[in-house]
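Hi,

Here is the structure I said I would pass on. Have a look through it, and then read on for what turned up.

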Amino acid sequence: MTARRSRPRSILASVLAVVLLAGVAGAVSADSTFVPSGVTFKVDDAARTITVTAKLAFYNRSCTPGASCAVPAADISRITRAIESMWNNGSKVRCYTLIVKVEARAVASQAEAGQTEVDIGLDYGPITIRAFVHGQHAGSAPPDHLSNSPEQRVEAAHDPAAPTTWPSQTYDRTYAHEFGHILGLDDNYDTSRPGFPLPGASDDLMFRKQGEVTNEMATRVVERSGKVDVKKLKCGWFTEGTQEKKWVGKHCDEADADWTINAEVSTAGLRTTELYTAVIDPKTHKGTYSYESIGEIAGGTYTQNGKGVVTTAEQSDGTLLMSLSEILVRGVITAGGTTQSVTAPIPATAFTWKPAATAECP
Ligand SMILES: [Zn+2]
């Protein structure tokens with residue numbers, strides 16, 4: 001769960017916060033409130049990974065003033081493992097794998113946590129508290145749990161008056177859920193209707209602790225960060241359509257100059273399989289293509305082939321328009337025991353390529 005300053009906290013969270021503050025009031029330092037920059041993102045195009053590193057500082061909320069009670073290293077590594085094992089499940093942002101790294105250390109008090117780490121008070125009291133992250137939305141827009149806008153990012157705050165607090169012992173999945181808030185995600189459950197998701201929300205780890213980290217969550221984390229332009233991830237291109245012909249094409253390896261499209265033309269008495277292979281210079285966006293087709297006609301077969309000029313141009317909507325110039329193709333028709341050569345023009349044609357998603361380019 002999260003508790004936010006920008007909207008009323010749940011009654012339970014408010015009660016817990018009051019109880020906690022009453023119990024440890026003397027231990028809270030009078031330092032100021034700020035949003036630490038504890039989460040960083042790194043894109044590796046060659047490996048197709050996005051690594052998110054979160055720096056966490058754990059301290060013991062149950063420590064009485066003057067006592068020495070550091071958070072045991074074993075607790076920190078247990079919580080770190082719980083988070084990393086749940087989050088590193090191969091979830092994808094388009095074709096890139098999200099990798100989560102937790103860099104955690106023990107600090108003596110909340111005030112010792114730095115500007116670049118998220119402070120978390122571990123509670124060692126006899127009654128297990130409910131975990132919560134004190135977060136606030138980065139922007140002032142009305143909260144939208146389905147939005148991937150950076151404005152909707154939840155940011156864990158360093159706040160002496162309302163600290164992020166987790167139980168020292170709880171389900172591994174609870175830590176992984178709370179960590180989702182630190183990465184910027186909202187809860188997907190409806191606080192006014194326990195057990196029900198918010199409208200449009202998925203059944204995932206942000207809905208319930210039995211849920212999993214999903215591609216949707218990974219994508220929301222990365223897009224909300226505002227640090228990575230997901231449209232610019234190098235996932236290749238995909239084209240598919242049905243007009244006079246049904247075609248499909250993939251271009252998954254950005255370093256490869258070859259683009260291929262397979263097409264089928266099916267009409268009464270005619271069935272043709274076509275293959276376009278374009279070789280395009282990535283700098284000039286120009287190249288050549290070859291065309292081959294094999295078809296069946298009544299009582300025979302025919303083959304055709306030809307070459308032409310091709311250009312590509314990126315469109316404002318993020319698609320790529322591939323234009324193939326008019327060419328003459330030479331063909332051979334074999335039917336009824338005779339063979340005949342033909343030459344026929346192929347009209348100019350164009351294919352629209354879209355940025356590939358995981359399904360097209362794994
Ligand atoms: Zn939550």
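Let's start with P199, which sits in the loop between α3 and α4. (Helices here are DSSP runs of H or I with at least four residues, strands are runs of E with at least two, and both are numbered from the N terminus.) P199 counts as exposed because it has 8 C-beta neighbours inside 10 Å. For that label, a residue is exposed if 12 or fewer other C-beta atoms lie within 10 Å of its own, buried if 20 or more do, and partly exposed in between, with C-beta atoms placed from the backbone.

Before going further, a word on the source: this is a predicted model, where local features need pLDDT of at least 70 and side-chain atom pairs count only at pLDDT 80 or more, while totals for chains, interfaces and linings use all residues. Residues are numbered from 1 along each chain as its sequence is written.

Now the two helices on either side of that loop. Eight of the eleven residues of α3 (residues 172-182) are buried, so this helix is largely enclosed by the rest of the structure. Those buried residues are Y175, A176, H177, E178, F179, G180, H181 and I182. Just after α3 comes G184, with a positive phi of about 110°.

In α4, the buried set is M217, A218, R220, V221, V222, E223 and R224. They pack against β2 (39-44), β3, β4 (92-93), β5 and α3. G226 follows α4 and also has a positive phi, near 70°.

What about the inside? The largest nonpolar core (buried Ala, Val, Leu, Ile, Met, Phe, Trp, Tyr and Cys residues joined through C-beta atoms within 7 Å) has 44 residues, and V52, L56, F58, I83 and I182 have the most contacts inside it. At least two residues of this core come from each of β3 (49-60), α2 (73-87), β5 (96-106), β6 (118-123), β8 (154-156), α3 and α4 (215-225). β3 gives the largest share, seven residues. I182 touches V39, A54, V118, V133 and A156, leaving aside residues up to four places away in sequence; a contact means C-beta atoms, placed from the backbone, within 7 Å. There is also a second, separate core of 16 residues, including I261, A263, A278 and L324.

Finally, the overall layout. The chain is divided into domain 1 (2-232) and domain 2 (237-355), with bounds from an automatic or database domain assignment. Their C-alpha centres lie 51 Å apart.

Cheers

Conventions: Two residues are in contact if their C-beta atoms, placed from the backbone, lie within 7 Å.
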